[in-house]
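Colleague: I am new to this structure and would like a close look at one part of it. Could you walk me through it at an easy pace?

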Amino acid sequence: MAKVLDNASKLGLEKYPRQESRDILYGTAGFRTRAENLPHILYRVGLLAVLRSKSKRGAAIGLMITASHNPEPDNGVKLIDPFGEMLQQSWEKFATRLANASDTELYSVLLAIAEAESIDWEARALICVGQDTRPSSPDLAQAAITGITVMGGEVKDYGVVTTPMLHYFVASINTDGIYAEATEDGYFKKMTTAFKKLRGDKPSNGNYVPSILFDGANGVGALKMKVCLSYLGDSLQVQLYNDGNGKLNHLCGADYVKVQQCAPHGVPRITNARCVSVDGDADRIVYYYTDECDKLHLLDGDRIATLVADYLMELVQKSNLGLQLGLVQTAYANGSSTNYISKTLKAPVACVPTGVKHLHQKALEYDIGIYFEANGHGTVIFSDFATKRICCAAEEPSLPKKQLCAIRTLAAIIEAINQTVGDAISDLLILETVLHARGWSIQDWEAAYTDLPNRQLKVTLKDRRVIETTDAERKSVAPPGLQDQINLFVRNVPNGRAFVRPSGTEDIVRVYAEADTQANADQLALQVASAVYQLAGGVGSPPAL
Ligand code: G16
């Protein structure tokens, strides 16, 4: 052990010395910053991944190199735990400690982690590595692989994949293929076979037409959707745009459409056509259309959650298996969606802090947990209990026809959904399934409820950590006086709600506001952003709409 750690620390000093003096945190989705500051971080995360795998008695661990929705010059890395879930939170502190250690401390920090976790040095370690399409990703992957190798870990390099594909592969390897086959072919085959089964032999139905426009954010989502098309055949027509020739996430992609509330560049404006946007690593999806007046109508993660919940609740009821379904949202959820879930759908709905790691954990409390962030990041998870009940009942031909049909539909949905994490491609197949089953156009889908107008703004601070929050990020507790100001502004607008929180992926704080009218939501967001700028050490130009 001492020799391995010694080699790892010497190689780190020689090839990947620490570059940044500023500390970095394992944030909402791992480490993210400018790519040029990351080589030593990647090397060290490679070292840590080996310890994590050994601590799980050799289970495969994922290491994904991506900065997802961030601009192209950024990059990042996150670790994936054995069931395809995000890294256990108690290990985030190890990651942060290791990333911020000085070059000469590497040996002692690695040793301290190994001792704290009673690492068995005889255990094997297998690390699955994936990367997005950023120009900086190949070199960063090499840094990670060097770290894994010097620690004696085995590398399975998946090359360029979407983030959710890597989550899926890790879960598949660790269940010996029971979850799925850990290959790209296995991934697409399983999902699209289930999709075609759900769709039957009639691709059109009522107002539903099997054709969409797809904004790939010039990222890996576009590349993989192209592959998916060959599996989909005639079941769904997908026109691909922003398919890799432009700049990643620039004026396009799910984050741009959601935050800016405008249609992506590079996609033709076809009135009332159903369009989707995914983000840079294809773990988020939003739908939209532009109407006759060229106005954008956004159907975001809240809409996705309510559409899927409504459909699954009906199936659960018809299946008569006594399963409990619940939803999980964050503070960004539009107030109208939360109302719709609790008052119209009458389903339990919880609010947790931002980050799939929080939503996923909460969703595990239900037989069927549906979680989506408003930004389009989410999935549906079926507990082992629910999966067993559904799959056993699906083999009971003696059940009444309607009940059996609902049960078999649920069984096919289990096959089509990537339950490990939000997955734009898998979510798309589920959403197209629901719209097809309902015979709905995107306008029919939108008619369920009316969103409260809202606005998001970003503020840059000297140090964003001065903002501290509580109550699932809905209230700020520092700096002093900020929440009182927010309360004052909110009181002045009908249906007003606003909050502020430091981003865990970008060096900014995010402000969210909603109100009865767009003008009021804009004004509220600007008031809150200005208060943050003044009270929390804003830098650069003051906030503006
Ligand atoms: C990541 C997380 C999401 C989160 C988003 C923004 O998404 O996985 O759960 O909503 O960052 O986080 P923050 O507001 O803290 O910057 P992605 O798609 O960028 O990986």
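Colleague: At what angle do α7 and helix α14 pack, and how far apart are their axes?

Modeller: Happy to help, and first a word on the model. This is a predicted model, in which local features need pLDDT of at least 70 and side-chain atom pairs count only at pLDDT 80 or more, while totals for chains, interfaces and linings use all residues. Residues are numbered from 1 along each chain as its sequence is written.

Now to your helices. α7 and helix α14 (residues 401–416) pack at an angle of about 150°, and their axes are 7 Å apart. Axes here are lines fitted to C-alpha atoms, for helices over the stretch in contact, and angles run from 0 to 180 degrees between N-to-C directions. Helices are DSSP runs (H or I, at least four residues), as strands are (E, at least two), numbered from the N terminus. The angle makes α7 roughly antiparallel to α14; angles under 35 degrees count as roughly parallel, over 145 as roughly antiparallel, 65 to 115 as roughly perpendicular and the rest as oblique. α7 passes α14 in a left-handed crossing, a term used if the near helix is turned anticlockwise from the far one by less than a right angle, with right-handed used if clockwise.

Which residues meet there? From α7 come K190, M191, A194, F195, K197 and L198, and from α14 come T409, A412, E415 and A416. Two residues are in contact if their C-beta atoms, placed from the backbone, lie within 7 Å. By class, this contact of α7 with α14 has six nonpolar, one polar and three charged residues. In that count Ala, Val, Leu, Ile, Met, Phe, Trp, Tyr, Cys and Pro are nonpolar, Asp, Glu, Lys and Arg are charged, and the others, Gly among them, are polar.

α7 (residues 184–199) also packs with helix α8 (residues 220–232), at an angle of about 50° and with the axes 10 Å apart. That makes α7 oblique to α8. Here α7 passes α8 in a right-handed crossing. On the α7 side the contact is made by E184, F188, K189 and T192, and on the α8 side by V227, C228, Y231 and L232. The contact of α7 with α8 has five nonpolar, one polar and two charged residues.

For the wider setting, the chain is divided into domain 1 (2–160) and domain 2 (454–535), with bounds from an automatic or database domain assignment. The centres of domain 1 and domain 2, taken over C-alpha atoms, are separated by 34 Å.
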